[in-house]
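The exercises below ask you to read the architecture of a protein chain from its model, and each is followed by a solution in steps. Please work through each task before reading on.

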Amino acid sequence: MPQQIKKHYGVIVPAISPINEDFSIDSGAIERLLESFIQNSVDAFLLGTTGESVSLSIKQKYDLVKKAVSFNNNRCKIYTGISGNSLLESIEEAKRYHDL
């Protein structure tokens, strides 16, 4: 039996990855950003087209996605970009995010 192709629809907005001066993830900025997306009925694309995916550490990326998913509470869809030089590391990263 052929696998169903999941269709995505609506507006999906690339989100910046806000960081503090100490390079930790700016939780307050993430909350404000996601709340804006939710209020405007758009979905979020984290670590996508703004270049942060290859610029942030594994911990920074995980903290960003974890905070976003926790704050979002299923009010909008969150897509997460995965990019790197290692297929194995990219698969591991996807598994970490899936478990959130």
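**Exercise 1.** In this predicted model, determine which strands helix 2 lies across, and at what angle helix 2 runs to strand 3.

*Solution.* Begin with helix 2, which spans residues 58-72 and lies across strand 2 and strand 3. Next, compare directions: helix 2 runs at about 170° to strand 3. Angles over 145 degrees count as roughly antiparallel, so helix 2 and strand 3, at about 170°, are roughly antiparallel.

**Exercise 2.** Work out the order of the strands in the sheet, and explain why one side of strand 1 and of strand 3 is left without a neighbour.

*Solution.* The three strands form an open sheet in the order 1-2-3, and their pairing is parallel. Strand 1 (12-14) and strand 3 (78-80) stand at the edges with a single partner strand each, so one side of each has no neighbour in the sheet. From one strand to the next, the twist averages 25°. Turning to the pairing itself, strand 1 joins strand 2 (residues 43-46) in the parallel sense over three bridges, and the bridge partner of Ile-12 in strand 2 is Asp-43.

**Exercise 3.** Describe how helix 1 packs on helix 2, and list the residues that meet.

*Solution.* Two packed helices are described by the angle between their axes and the distance between the axes. Helix 1 (residues 27-39) packs against helix 2 at an angle of about 50°, and the axes are 10 Å apart; the two helices are therefore oblique to each other. The crossing in which helix 1 passes helix 2 is right-handed. On the side of helix 1, the residues are Ser-27, Ile-30, Glu-31, Leu-34, Glu-35 and Ile-38, and these meet Leu-64, Lys-67, Ala-68, Phe-71 and Asn-72 of helix 2. Sorted by class, this contact holds six nonpolar, two polar and three charged residues.

**Exercise 4.** Carry out the analysis for helix 2 and helix 3: are they roughly parallel or oblique to each other?

*Solution.* Helix 2 and helix 3 (residues 87-98) pack at an angle of about 30°, with 10 Å between their axes. Angles under 35 degrees count as roughly parallel, and helix 2 and helix 3 are therefore roughly parallel to each other. Their crossing is right-handed. Helix 2 contributes Ile-58, Lys-61, Tyr-62 and Val-65 to the contact, while helix 3 contributes Glu-93, Arg-96 and Tyr-97. These residues divide into four nonpolar, no polar and three charged.

**Exercise 5.** Place these elements in the whole chain, and compare its radius of gyration with that of a compact globule.

*Solution.* The protein chain has three helices and three strands, which follow the pattern β-α-β-α-β-α along the sequence. A compact globule of 100 residues would have a radius of gyration near 13 Å, and the 14 Å of the protein chain agrees with this. Along the principal axes, its C-alpha atoms fill a box of roughly 50 × 35 × 20 Å.

Methods. Residues numbered from 1 in each chain as written. Predicted model: local features only at pLDDT ≥ 70, side-chain atom pairs only at ≥ 80, totals over all residues. Heavy atoms only, no water. Pairing = 2+ DSSP bridges. Helix = DSSP H or I, 4+ residues; strand = E, 2+ residues; numbered from the N terminus. Axes fitted to C-alpha atoms, helices over the stretch in contact; angles between N-to-C directions. Contact = heavy atoms within 4.5 Å. Parallel < 35°, antiparallel > 145°, perpendicular 65-115°, else oblique. Left-handed = near helix turned anticlockwise from the far one by under 90°. Nonpolar A, V, L, I, M, F, W, Y, C, P; charged D, E, K, R; others polar. Rg over C-alpha atoms; globule rule 2.2 N^0.38 Å.
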